Amino acid sequence: MNNKDNIFESIKHIDENGNEYWLARELSKKLDYTEWRNFKKIIKKAIINCENSELNKTNHFVEFNKMVNIGSNTSRKINDYKLSRYACYLISQKRKANVKLMTIMPTLAKWYKSVERLERQ
């Protein structure tokens, strides 16, 4: 596996049914976002693109809340998204162009093509 694939494979999760997904907060760090509020705007745009493609957004973007430690035995609730491969692709397309993104776009395109092939079978 080459370095570009590792960017996404290193944060891939598999659920109890064997479905792969990515967490938006982890993806935001891989795409060099420093503030969640900025990344959430990109997610919202990607959701609109998904809906405009007449796809069910809940198949690709699942919003949920989780508790995180913030120190001193204190935790707080934050929101996150479980993302499909297609959602990652849409988010990456909405991302402002930068050198890092340009190096991973071929990987995302390959990913999406593999999903399309599987869905046609």
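**Stop 1: the β3–β4 pair**

Select K66 and I78. K66 stands opposite I78, which lies in β4. Keep in mind throughout that this is a predicted model. Now widen the selection to both strands. β3 covers residues 61–71, and β4 covers 74–83. They pair in the antiparallel sense, over 10 bridges.

Follow β3 to its end and pick S72. Two residues separate the strands of this hairpin. S72 takes a positive phi, near 55 degrees.

**Stop 2: β2, also on β4**

Add residues 20–23, which form β2. β2 pairs with β4 in the antiparallel sense over two bridges. To find the register, select L23 and K82. K82 in β4 is the bridge partner of L23.

**Stop 3: the β1–β2 hairpin**

Stay on β2 and bring in residues 12–14, strand β1. β1 and β2 run antiparallel, joined by three bridges. Select H13 and then Y21, its bridge partner in β2. Five residues lie between the two strands of this hairpin. In the turn, pick G18, which has a positive phi of about 85 degrees.

Next, select I14, in β1. Is I14 buried or exposed? Its relative accessible area is 51%, and the cut-off for exposed is over 50%, so I14 counts as exposed. Show what surrounds I14. Beyond its neighbours within four places in sequence, I14 is in contact with N19, E20 and Y21.

**Stop 4: H60 and S84**

Move to the loop between α3 and β3 and select H60. H60 counts as buried because its relative accessibility is 14%, where the limit is under 20%. Which side chain does the H60 side chain meet in a polar contact? The partner is the side chain of S84, at 2.7 Å.

Expand around H60. Setting aside neighbours within four places in sequence, its contacts are C50, L55, K82, L83, S84, Y86 and A87. K82 is familiar from the pairing of β2 with β4.

Now centre on S84. Its side chain has a second role to inspect. S84 caps the N-terminal end of α4. A side-chain oxygen of S84 lies 3.3 Å from the backbone nitrogen of Y86.

**Stop 5: α4**

Select residues 85–94, which make up α4. Why can α4 be called largely enclosed by the rest of the structure? Because eight of its 10 residues are buried. Colour them: R85, Y86, A87, C88, Y89, L90, I91 and S92.

Pick C88 in that run. C88 counts as buried because its relative accessibility is 0%. Then go back to C50, one of the contacts of H60. C50 is buried too, since its relative accessible area is 0%. Do not look for a disulfide here: the structure holds zero.

**Stop 6: the nonpolar core**

From α4, select I91 and show its contacts. Not counting residues up to four places away in sequence, I91 touches L27, L31, F39, I42, I43, A46, F61 and L83.

This leads into the largest nonpolar core, which has 23 residues. Select the residues with the most contacts inside it: L27, F39, I43, F61, Y81, L83 and I91. In soluble globular proteins, nonpolar side chains tend to be buried together.

Which elements give two or more residues to this core? They are α1 (3–9), α2 (24–30), α3 (36–52), β4 (74–83) and α4 (85–94). Show α3 alone for a moment. α3 gives the most to the core, with seven residues.

**Stop 7: the whole chain**

Zoom out and switch to cartoon. The chain has five helices and four strands. Trace the chain along the sequence: the pattern is α-β-β-α-α-β-β-α-α.

Switch to a surface. The chain exposes about 7,800 Å², and carbon and sulfur atoms supply 47% of that area. Buried residues make up 36% of the 121 in the chain. Finally, turn on a contact map. Among contacts with a separation of 6 or more, residues 24 or more positions apart account for 49%.

Definitions and conventions:
Residues numbered from 1 in each chain as written. Predicted model: local features only at pLDDT ≥ 70, side-chain atom pairs only at ≥ 80, totals over all residues. Heavy atoms only, no water. Core = buried A, V, L, I, M, F, W, Y, C linked by side-chain atoms within 4.5 Å. Buried < 20%, exposed > 50% of the residue type's maximum accessible area, 1.4 Å probe, protein only. Contact = heavy atoms within 4.5 Å. Areas by Shrake-Rupley, 256 points an atom, 1.4 Å probe, with all protein chains shown as cover. Pairing = 2+ DSSP bridges. Polar contact = N/O pair within 3.5 Å; in protein donor to acceptor, adjacent residues only side chain to side chain. Disulfide = S-S within 2.5 Å.
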